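Trainee: Let's go through this model together. Where should we start?

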Amino acid sequence: MAFSMSDEEFDAATTEALDSIPADLAAQLDNVAVFVEDRYQPQSWEDPSVVLLGLYEGIPLTERGPEGWAMPDRITLYKEPILQMCHSREEVIHQVTITVIHEVAHFFGIDDETLHRLGWG
């Protein structure tokens, strides 16, 4: 059974999770916005049963050109699947933290295979 949280409670838990990211890592997240949506809507070419906890959209630092300018990167957290796997507020904060760190790693150019190997999959 899924843990229940209002949007406001989930946003507060998300803020707490973001505040727990080490300061030296957080300081490097310039031009990155974090959003919350209920669930991921698979694209037409994706398996319709795809479930994501989070998604990074942007240009990883490792792929940016010398101009140094880029549109803001975006990390989206998906509330419903996160709540489906959690049983307490503490678990939600923990899972949001793991999900944000996973997506931030994509911002730094780290791929899913490496993240899974490191235990952040």
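Trainee: Which elements each supply at least two residues of the lining of the largest pocket?

Mentor: Bear in mind that the model is predicted. The largest pocket is lined by 16 residues. At least two of the lining residues come from each of these elements: strand E2 (54-57), H4 and helix H5 (112-117).

Trainee: Where does the largest share of that lining come from?

Mentor: One helix supplies 6 residues of the lining of the largest pocket. That is the largest share, and the helix is H4.

Trainee: What is the volume of the largest pocket?

Mentor: Take its lining first. By class, the lining has 7 nonpolar, 7 polar and 2 charged residues. Nearest the centre of the pocket lie Leu52, Gly54, His102, Glu103 and Asp112. The volume of the largest pocket is about 260 Å³.

Trainee: Now the helix pair. Is H1 parallel, perpendicular or oblique to H4?

Mentor: The axes of helix H1 (residues 7-19) and helix H4 (residues 89-107) come within 8 Å. They cross at roughly 55°. Roughly parallel needs an angle under 35 degrees, and roughly perpendicular needs 65 to 115. The crossing angle therefore makes H1, relative to H4, oblique.

Trainee: Is the crossing of H1 and H4 left-handed or right-handed?

Mentor: The angle alone does not settle that. As H1 passes H4, the crossing is right-handed.

Trainee: How many nonpolar residues does the contact of H1 with H4 have?

Mentor: From H1 come Phe10, Ala12, Ala13, Thr14, Glu16, Ala17 and Leu18. They meet Arg89, Val92, Ile93, Val96, Thr97 and Val100 in H4. By class, 2 residues of this contact are polar and 2 are charged, while the nonpolar residues number 9.

Terms used. Residues numbered from 1 in each chain as written. Predicted model: local features only at pLDDT ≥ 70, side-chain atom pairs only at ≥ 80, totals over all residues. Heavy atoms only, no water. Axes fitted to C-alpha atoms, helices over the stretch in contact; angles between N-to-C directions. Helix = DSSP H or I, 4+ residues; strand = E, 2+ residues; numbered from the N terminus. Parallel < 35°, antiparallel > 145°, perpendicular 65-115°, else oblique. Left-handed = near helix turned anticlockwise from the far one by under 90°. Contact = heavy atoms within 4.5 Å. Nonpolar A, V, L, I, M, F, W, Y, C, P; charged D, E, K, R; others polar. 1 Å grid on protein atoms, 1.4 Å probe; cavity = no way out; pocket = protein on both sides within 12 Å on 5 of 7 lines; lining within 4 Å. Points joined across faces, edges and corners; volume = space filled by probe spheres on them.
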